[in-house]
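Let's go through this model with a few "how do you know" questions. Have the structure open as you read.

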Amino acid sequence: MTTIATYAYSRTHSVTFVADSMRTALIRLIEGLGLQPDALLDDWKIVGQAVKTWLESGHLTAVTIEFYVPGASVASARWDIPVAYDGNGVADDMWLDRDHLARTIAKSTLPPANAKYRLVLSAEAGRAEIAAMGPAELRSVSAMLGRSAGTIIASPAITAGLTYWKSRT
């Protein structure tokens, strides 16, 4: 007797997995940099809706977490999670590379103890409007260098990379 199993992964599966993995990665990142993720958890209902909606439509291009000292126009630290819609092409392969994320966090510079953080979502024109989401500008990183750290999240339809910014000195 032959048993055949078929697994169908739709873009919806990828969207849910990637959005949930982004939330997990952001929590680990915030905690790894010595801050509490409470603000992220409080805002995730709205932010998570925007992430899922714009991943599903293909409009989300990046999620950025920016660390800053209140009142400053420059970032103290910044991490970008750029999104690509080419996926890994493997039907049942979905992963978040927690070990790679932890190693990358260990190489980065800690923001000052009084730093705050905020999320900025970058999305292409034509995206659906999400209540409570509005325009935002990123703080300057002119004194920093961005370093790509490869892919941290993969699914059949969507992948997400990681870039962290360090001081040039």
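Q: Which residues lie nearest the centre of the largest pocket, and how many residues line it?

A: This is a predicted model. In it, 22 residues line the largest pocket, and L119, V120, L121, M133 and G134 lie nearest its centre. Its volume is about 520 Å³. Strand 4 gives the largest share of the lining, seven residues.

Q: How do you know how the lining of the largest pocket divides into nonpolar, polar and charged?

A: Sort it by residue type: Leu, Val and Met count as nonpolar, while Gly goes with the polar ones. Done for the whole lining, that gives 16 nonpolar, two polar and four charged.

Q: What makes strand 3 (95-96) and strand 4 the edge strands?

A: The six strands run in the order 3-5-6-2-1-4 in an open sheet, with antiparallel pairing. Strand 3 and strand 4 each pair on one side only, so they are the edges.

Q: Why do strand 2 (residues 77-84) and strand 6 (residues 159-167) count as paired?

A: Pairing needs at least two bridges. Strand 2 and strand 6 have five, in the antiparallel sense, so they count as paired. W79 stands opposite Y164 in strand 6.

Q: What makes the link between R139 and A72 a polar contact?

A: The cut-off is 3.5 Å between N or O atoms. The side chain of R139 reaches the backbone oxygen of A72 at 3.1 Å, so the pair qualifies. R139 sits in the loop between strand 4 (116-123) and strand 5 (144-154), and its other contacts include E66, Y68 and R118.

Terms used:
Residues numbered from 1 in each chain as written. Predicted model: local features only at pLDDT ≥ 70, side-chain atom pairs only at ≥ 80, totals over all residues. Heavy atoms only, no water. Helix = DSSP H or I, 4+ residues; strand = E, 2+ residues; numbered from the N terminus. Polar contact = N/O pair within 3.5 Å; in protein donor to acceptor, adjacent residues only side chain to side chain. Contact = heavy atoms within 4.5 Å. 1 Å grid on protein atoms, 1.4 Å probe; cavity = no way out; pocket = protein on both sides within 12 Å on 5 of 7 lines; lining within 4 Å. Points joined across faces, edges and corners; volume = space filled by probe spheres on them. Lists of a residue's contacts leave out its neighbours within four places in sequence.
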